[in-house]
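Me: Hi! Could you walk me through this structure, one piece at a time?

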Amino acid sequence: MPEATAFREQPWHILIVDDEIAIHQISRLVLARKQVLGRPLQLHSAMSAAEARELLGGDTEFAMAFIDVVMEQDDAGLTLVDWIRNELKNSTIRLILRTGQAGLAPEDQVITRYDINDYKTKTELTAQKLVTAVYTAIRGYRDIVTIQRSLEAFRRLIECSTDILKIRDLSKFASAALANLLSLMDMDSSALYIVRREKNFYQEEQEVALASCGRFDQGEQVDNLPGAVRNRIDNAFRNGKSSNENGIFVGVFATSQDTSSVLYIEYNEHSESFNSSLAELFANNLALVLESLVTHAQQEQTQHELMYIVGDAIEARSKETGSHVKRVSLLCELIAEKLGLPPSFVHAIKIAAPLHDIGKVTTPEAILHKPGPLDPEEWAIMQSHATVGGSLLSRSSLPIARMGATLARYHHECWDGSGYPEGLKGKDIPMEARIMALVDVFDALGSKRSYKTPWPAAKIRAYLLEQSGKKFDPSLVQVLLDNFDLCQEVRSRYPDY
């Protein structure tokens with residue numbers, strides 16, 4: 001496997017900074033073909049502190065450096081150490097000072113003043129002690145890098161957890177979570193998939209491939225998993241067991257008796273970054289959060305569909321069949337978005353809109369279906385549906401129901417105060433009711449009714465402008481007219497049936 005071989009042979013980079021060519025030659029001779037922690041050594045030479053700065057400022061990640069004290073100046077090595085730590089901000093490289101003129105840089109002063117890891121005289125560094133110094137320095141470098149990587153992963157985990165938990169969409173959440181797992185474990189070349197299965201109370205099994213990330217990424221929705229991946233995931237679901245072998249981690253996480261998820265990870269099996277314990281912990285918590293999101297999404301979808309069904313039932317009772325309920329829901333959402341209202345408001349008005357005429361359940365069919373004009377008494381009964389609808393929904397303290405109660409009660413109020421049931425005027429009418437009043441009439445004008453044919457777009461525009469400041473909030477009329485084509489598209493997507 002080329003990738004794995006490349007990783008195993010990735011060298012430790014060692015910088016030798018000395019103005020004596022013999023020091024470079026001896027160091028190479030002693031350290032040639034040595035390996036530390038299974039990886040070879042690669043030596044780089046700099047004949048001056050200036051040359052060392054150039055190398056250290058490049059892309060090579062040096063594990064350690066031997067630095068002579070006296071070079072182009074008597075304190076060139078000391079100045080270089082100070083530059084590495086304080087200007088380059090490199091705290092990971094292990095620095096060993098070695099000098100042939102110890103009197104110019106006494107050890108007790110140097111070790112106190114400068115951030116070095118060891119101090120050696122050149123005569124002190126025999127071949128064996130040179131090898132020992134390299135082993136010690138590289139092990140220290142490895143440990144510091146590991147600690148830094150863990151701290152960085154912890155920082156990313158805190159940041160990504162906050163961001164991810166703000167995401168409500170299931171697939172986007174799963175994709176963001178997988179992307180951050182890659183980042184946490186520094187596995188940019190890996191491939192990840194997460195798949196969820198659930199049995200309903202009819203024992204029917206449903207599967208959703210939620211997301212993929214990394215190599216072979218197919219986007220947020222994964223419809224066709226590669227064959228080998230598919231087989232491993234199926235086996236994991238069937239056996240209920242996690243596995244980790246040959247660079248493939250497959251974790252199974254049951255979140256209830258009827259639901260479970262599988263996290264599939266391909267990684268470089270020789271990578272020091274992959275941590276199966278961290279992957280299992282992350283995936284187990286991810287599965288629990290996904291389960292909560294799925295449950296919430298299912299409840300919300302059920303609620304939304306029930307709202308449509310109730311709204312459709314009310315419209316059908318009025319013999320106004322079609323897609324009016326769905327259209328006003330989407331139109332309310334559109335206008336609220338264009339107004340820049342909070343997302344929670346936009347979401348609530350979309351769900352609550354189908355209930356705006358719920359009060360009509362108590363209106364006698366003789367009045368609802370009367371072909372001619374209503375007499376004053378009948379008109380009063382018809383108008384009462386606003387109050388009745390508001391009262392029915394106000395019995396609930398849930399935000400959606402409260403929004404529905406406001407829509408039902410006040411969507412026949414007029415901007416100029418001529419509406420009912422309370423004759424509210426201007427901004428005393430709740431914003432959601434003002435939106436519904438406009439949207440309801442807009443959609444009704446463009447729809448076929450028992451008493452009228454659909455109005456053409458130009459006539460609808462003219463009517464809305466004529467009623468701006470009378471029946472409707474002028475600012476809302478302007479927003480609708482500015483987005484008239486988008487509103488018409490909603491009508492096109494959901495025509496009457």
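**Chatting through the model**

Reply: Happy to! In the protein chain, 64% of the contacts with a separation of 6 or more are between residues 24 or more positions apart. Keep in mind that this is a predicted model.

Me: What is the mean pLDDT of the protein chain?
Reply: The mean pLDDT is 82, and 75% of the residues reach 70 or more.

Me: Where is confidence lowest, and where is it highest?
Reply: The lowest is helix α1 (residues 2-8), with a mean of 37, while helix α17 (residues 474-482) is highest at 97. Over residues 1-8 the pLDDT stays under 50, and the model has 14 contacts there beyond four places in sequence. Residues 218-222 are also below 50, and that stretch has 17 contacts in the model beyond near neighbours in sequence.

Me: OK, new topic. How many helices and strands does the protein chain have?
Reply: You can look for 18 helices and 11 strands. The chain has 497 residues, and 46% of them count as buried.

Me: And how much area does the chain expose?
Reply: About 25,400 Å², with carbon and sulfur atoms supplying 51% of that.

Me: Let's zoom in. Which residue does the UniProt annotation "modified residue: 4-aspartylphosphate" cover?
Reply: According to UniProt, in an unreviewed entry, that annotation covers Asp68. In the model, Asp68 sits in strand β4 (residues 62-68).

Me: Is Asp68 buried or exposed?
Reply: Asp68 is buried, because its relative accessible area is 3% and the cut-off for buried is under 20%.

Me: What does Asp68 touch, leaving out residues up to four places away in sequence?
Reply: Its partners are Val17, Asp18, Asp19, Gly77, Arg98, Thr99, Gly100 and Lys122.

Me: Now Gln101. Where is that one?
Reply: Gln101 is in the loop between β5 (94-99) and α5 (107-113). Its relative accessible area is 43%, so Gln101 is partly exposed. Measuring C-alpha to C-alpha in the model, Gln101 and Val70 are 7.6 Å apart in space, though they are 31 residues apart in sequence.

Me: And which loop holds Glu124?
Reply: Glu124 lies in the loop between β6 (118-121) and α6 (127-164). With 35% relative accessibility, Glu124 counts as partly exposed. Not counting residues up to four places away in sequence, Glu124 touches Tyr119 and Lys129. Its C-alpha atom is 9.0 Å from the C-alpha of Arg98, and those two residues are 26 apart along the chain.

Me: Back to helices. Which residues of α3 are buried?
Reply: In helix α3 (residues 49-56), Ala49, Ala52 and Leu56 are buried. They cover an arc of only 55° around the axis, so they are on the same side of α3.

Me: What do those buried residues pack against?
Reply: The buried residues of α3 pack against β1 (12-17), β3 (39-46), β4 and α4 (76-86). You met β4 a moment ago, as the strand that holds Asp68.

Me: One more: how many residues of α15 are buried?
Reply: 13 of the 15 are buried, so α15 is largely enclosed by the rest of the structure.

Me: What span should α15 have, and how far apart are its ends?
Reply: Helix α15 covers residues 431-445, and at 1.5 Å a residue it should span 21 Å. The C-alpha atoms at its ends are 22 Å apart, which agrees.

Technical notes:
Residues are numbered from 1 along each chain as its sequence is written. This is a predicted model: local features need pLDDT of at least 70, side-chain atom pairs count only at pLDDT 80 or more; totals for chains, interfaces and linings use all residues. Side-chain values use heavy atoms; hydrogens and water are left out. pLDDT is the predictor's confidence in each residue, from 0 to 100. Helices (H or I, at least four residues) and strands (E, at least two) are DSSP runs, numbered from the N terminus. Contact means heavy atoms within 4.5 Å. Buried means under 20% relative accessible area, exposed over 50%, partly exposed in between (1.4 Å probe, protein chains only). Accessible areas come from the Shrake-Rupley method with a 1.4 Å probe; for residues, only the protein chains shown count as cover. UniProt positions are given in the numbering used here, feature names are shortened, and annotations may be inferred rather than shown by experiment. The expected span of a helix is 1.5 Å times one less than its number of residues. The arc is that of the directions from the helix axis to the C-beta atoms.
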